[in-house]
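Thanks for coming. I have a few places in one model to go through, and I will keep to what can be read from the atoms.

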There are 2 protein chains.
Amino acid sequence: MRLSQFHLRTTKETPADADVASQQLMLRAGMIRKLAVGLYTWSPLGLRVLRKVERIVREEMSAAGAIEMLMPSVQPRELWEETGRWEKFGGQLLKIKDRKDAWYCYGPTHEEVITDFARQELASYKQLPVNFFQIQTKFRDEIRPRFGVMRAREFLMKDAYSFHATDEDLGREYKNMYDTYGRIFTRLGLKFRAVFADTGAIGGSASHEFHVLADSGEDAIAFSTGSDYAANVELAEAVSPGERPAAAEAMRRVDTPTQKTCEDVAALMGITLARTVKSVAMMGTDPENNPRFVLALVRGDHVVNEIKLSKLPGMSEYRLATEAEIRDHLGASPGFLGPVNAARDIFVVADRSVAAMADFVVGANADGYHLAGVNFGRDLPEPALVADIRNAVEGDPSPDGHGTLGIARGIEVGHVFQLGRKYAEAMKCTVLDESGKAITPAMGCYGIGVSRIVAAAIEQNHDANGIIWPDAIAPWQVAVCVINPKNVDAVDEAAQSLYQDLQRAGIDAVLDDRGLRAGQMFADIELIGIPHRIVVSERGLQAGTYEYRHRRASEAEQLDRDAAIARVSGA
Amino acid sequence: MRLSQFHLRTTKETPADADVASQQLMLRAGMIRKLAVGLYTWSPLGLRVLRKVERIVREEMSAAGAIEMLMPSVQPRELWEETGRWEKFGGQLLKIKDRKDAWYCYGPTHEEVITDFARQELASYKQLPVNFFQIQTKFRDEIRPRFGVMRAREFLMKDAYSFHATDEDLGREYKNMYDTYGRIFTRLGLKFRAVFADTGAIGGSASHEFHVLADSGEDAIAFSTGSDYAANVELAEAVSPGERPAAAEAMRRVDTPTQKTCEDVAALMGITLARTVKSVAMMGTDPENNPRFVLALVRGDHVVNEIKLSKLPGMSEYRLATEAEIRDHLGASPGFLGPVNAARDIFVVADRSVAAMADFVVGANADGYHLAGVNFGRDLPEPALVADIRNAVEGDPSPDGHGTLGIARGIEVGHVFQLGRKYAEAMKCTVLDESGKAITPAMGCYGIGVSRIVAAAIEQNHDANGIIWPDAIAPWQVAVCVINPKNVDAVDEAAQSLYQDLQRAGIDAVLDDRGLRAGQMFADIELIGIPHRIVVSERGLQAGTYEYRHRRASEAEQLDRDAAIARVSGA
């Protein structure tokens, strides 16, 4: 491509309404233009990247045995009624009434349509397993669209749906898709993690999210430094750090007249936060289903995890206790609560790390006082229940026993899920098995946010000068920049010849023949993130050199022609 | 592709609700499945064809200098208000209200969005000319969706929009697109015609439709047998066939008691329809804008063309005369009208071919009688106006002077149009010219119905056994069919090896390894329209031959391996 024949329009100004780096850079590079809230036009430059992502996804899905098809974006209400999602899906479902007053929606996902297709197309177990995929425009009427194409309302998605005679075969394909996603994100050139997402209803491997790692990511991920283990922080098991030491201090009362938080108490006492214990009062139920006052204990530097708490017996519908309930049960105000001398009907749940503490500090159940040097077994009974009720933190042992946990931030760009028979049952999709009996196939679904990947790649790869594309999804791999203010024919010819040779070598090259000043040209090429740059100039030609620079390199190099080409192709 | 790894589901039954051959065959071949009225899922088989069409369109558009981009399918009402089309577009516009009660539409076309993009992106004449295109899903809420994907509500379209500093430059790009469309349809392997569509507001070359020729087409096209000339029958100029002969008969009255049509009169008299003249009574206006009774004369075998009539002076709002008006002016009933002895205030308009007639037959203005042997100048005055007021018919001289006209039926699959400044003016899209003055760019738009092409190709290419794809858009160019009931390894190996060699030669091959009986397998391969078929069987291998057959050939041939491959590649 010659840039003079292309449409490129960059700006130096950071757009006022762009909140994240990728959105700012995509707007500045002119990759996207906003049409309306959550609706973006992909300019020629942006589309080049989008199509490269799409192609890699398509190639790897096909290589993995999935078969491409294409479903309509507009879907009839009747199908969504069959699964109950017409109401349940919520406000994200964009509902549409046609000229005959029939209701449709703009598909946010295609479980209903594919299951309808399958119940017409699949008659026999012999047609299984099968995995259909499509790459298609979806719409979710987000209540607050934001971050450009990262959370747009209209977006491009790859969605795949597999059908299986048995759960085992679903598990096999799930693994196949899991591995395929790994290949896709590796080919895209992105740092990513497959994150254990939820235990779901089927089993331990029922759902994984794929996250592109980036400091600006919305999700916190706990990952092992010594293995492939990764999970959403909220779902990662928090492993306790070893055995409880022996008691070394005597219990004593500490004046904490205005110190109501662990932070304030630790500061007052000059100890680390990890020596304090936070007591959170809540209402659960006992085995007879009567209300029960619960005191949950976590270390002062830890955070209570509501999902984990709610999975404990009697806690499925817990709520925080009111101030009246607290005073009634503990005789103190919030900020001074603790398990010492707590009434017998109070159920004490200690996080594993609290159970492993000695000589800790805790509220005294008397306003203005805390207790220090507290020890289980001596100053108070052992907790009624010891469980994992906190968020994992950096440095925790990895739950799989290998290494410790790090915390990273990620952007969810993929999701693999074992759906089971939920949709097939609701929509009466069956096939005949070997004995001629109708069976309900098990389903898997596998999504990739194609347009979101473009933004996520930028979040992961940019600097002050702009985007830094991985080679595989760069709009072009290399820019041949022509510096020729005196219009010397030999310079133009050398640039054209180099450009053509790069193209012939299968390298996606762009010739910047716009005739701009070097500074302007380089700023554009850096902003739009072309990974390799070769400058052709009169001075260089006289010296027999081409100036090569990688987008991440701090210095340019003067190379001969073959060496410059070799740098681009990575040879 | 191995067919055993693909999803193919054909049926023998012709679906009850399919009205045209392409719809029937696409359903029988399992290319599409109906989701709802005017909404179709493209199965893996169908999508292969759709993508091949899409690729050819994309490649040729890019080669012609157009730049691909992608606009949202959902468009805000505000833009459509700017051009007044929110109301004017009519019921085909699918309007959508989002969760915040803001109105949008599912884009049926993108003039508003591209003009909005252009007014943000284009600042200077230096950025012109530019031609943006996209290949994207559109929605038109057809009042009566029909013929499968031929007139579906959701469909795939290529739409391009060009911007120019001058009308001349628009004309140049229009020609470029016209030629590009010719290349596209030629590469698709389809018989087509570029049809002159309308004079429009700009000039003689303002609009052409591209039609795929097929007997089942909705539109009638007049085309020259001796040149590229083609036009919608209603717009094609009807050229008169030479000079008027001398009068040879005397005028006489003929008894036609019940013969009210030219057909009946000709049958009674034993003459050809071309000897009769039809008189159609209507009301127009005179130069002072007063109502005027008009008698339009066309040959008995011709059809009055309302569009042409309405362009004559005083006829822009003409209507047919009532029976009372007819009796008042001519003293006779419809069926017996004629220009002889007509009152002076009656305006007689003769079609050119009537003006070239002698000794014709016409109504006598007396119920139950016609006149024969009538001649202008002798029996009645020359017509007040001689003009082209009929539809062109097969055999007419071509208006461009080369050859004669044939009439074909076509399916509109493309349209090139010089929009001029209508949208740019309405939406205040301007650029600065060389002198720094704001000018409104001229626009062109260029559409291709990508999904409709698939159906149109079938309408043009099918027989009793199914579809016959042109090589370029066949789901696969060649099927390697394995006949191996005894499971002889050598047969499987020979088939696999042939399949792989075909693939290596760049031929898109499919291996039918489903293990079906030959008859079933051949029926499928013929139904889905694979143009080339090679059968690998034990008997053939023993004789050293492969059975080759082209989908259009009546007989199969026994060829050696190289010769069979050569047939497929057309070498």
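I will take a few buried side chains, one hairpin and then the cavities.

One caution before the details: this is a predicted model.

Start with Tyr106 in chain A. Tyr106(A) sits in strand β6, residues 103-106 of chain A. Is Tyr106(A) buried or exposed? Its relative accessible area is 0%, and Tyr106(A) counts as buried because the cut-off for that is under 20%. Val74(A) is 32 residues away along the chain, yet the C-alpha atoms of Tyr106(A) and Val74(A) are 4.7 Å apart. Beyond the four places on either side in sequence, the contacts of Tyr106(A) within chain A include Leu94(A), Ile96(A), Phe139(A) and Glu154(A). Tyr106(A) also touches chain B, at Ser73(B), Val74(B) and Tyr106(B). With Ser73(B) there is a polar contact, side chain to side chain, at 2.6 Å.

Now over to chain B, where β5 and β6 pair. Strand β5 of chain B covers residues 94-97, and its side chains alternate. Leu94(B) and Ile96(B) point to one face and are buried. Lys95(B) and Lys97(B) point to the other face and are not buried. As a rule, side chains in a regular strand alternate between the two faces of the sheet. The partner of β5(B) is strand β6 of chain B, residues 103-106; the two run antiparallel and are joined by four bridges. Which residue of β6(B) is the bridge partner of Leu94(B)? That is Tyr106(B), which is also on the contact list of Tyr106(A). The two strands form a hairpin with five residues between them. In the turn, Asp101(B) has a positive phi of about 65 degrees.

Back in chain A, the next residue is Gln134. Gln134(A) belongs to strand β7, residues 130-139. Its relative accessibility is 0%, so Gln134(A) is buried. Where does this side chain go? The side chain of Gln134(A) reaches the backbone nitrogen of Met71(A) at 2.7 Å. Other residues that Gln134(A) touches, leaving out those up to four places away in sequence, include Met69(A), Leu70(A), His110(A) and Met157(A).

Val340(A) is in a loop, between α9 (323-330) and β17 (347-351) of chain A. Its relative accessible area is 2%, and therefore Val340(A) is buried as well. Among the residues it touches, again not counting those up to four places away, are Met251(A), Val362(A), Leu371(A) and Leu380(A). The C-alpha atoms of Val340(A) and Gly363(A), 23 residues apart along the chain, are 8.3 Å from each other.

Last, the cavities. There are four of 30 Å³ or more.

The largest has a volume of about 60 Å³. Its lining includes Ile525(A), Pro531(A), Arg533(A) and His550(A). Helix α14 (518-527) and strand β30 (546-550) of chain A each supply at least two of the lining residues. By class, the lining has three nonpolar, one polar and four charged residues.

The second largest cavity has a volume of about 40 Å³. Which chains line the second largest cavity? Chain A contributes Arg33(A), Lys34(A), Leu35(A) and Thr41(A), and chain B contributes Val113(B), Asp116(B), Phe117(B) and Gln120(B). Helix α5(B) gives the most to this lining, with four residues. Three of the lining residues are nonpolar, two are polar and three are charged.

That is the list; I will take questions.

How values were computed. Residues are numbered from 1 along each chain as its sequence is written. Chains are lettered from A and ligands numbered from 1 in the order in which they are written. This is a predicted model: local features need pLDDT of at least 70, side-chain atom pairs count only at pLDDT 80 or more; totals for chains, interfaces and linings use all residues. Side-chain values use heavy atoms; hydrogens and water are left out. Buried means under 20% relative accessible area, exposed over 50%, partly exposed in between (1.4 Å probe, protein chains only). Contact means heavy atoms within 4.5 Å. A polar contact is a pair of N or O atoms within 3.5 Å; within protein, one must be able to donate a hydrogen and the other to accept it, and residues adjacent in sequence count only if both atoms are side-chain atoms. On a 1 Å grid over the protein atoms alone, a cavity is a set of points where a 1.4 Å probe fits but cannot get out, and a pocket is an open set with protein on both sides within 12 Å along at least five of seven lines; lining residues have an atom within 4 Å of a point. Grid points are joined across faces, edges and corners, and a volume is the space filled by probe spheres set on the points. Ala, Val, Leu, Ile, Met, Phe, Trp, Tyr, Cys and Pro count as nonpolar, Asp, Glu, Lys and Arg as charged, and the others, Gly among them, as polar. Two strands pair if DSSP finds at least two bridges between them.
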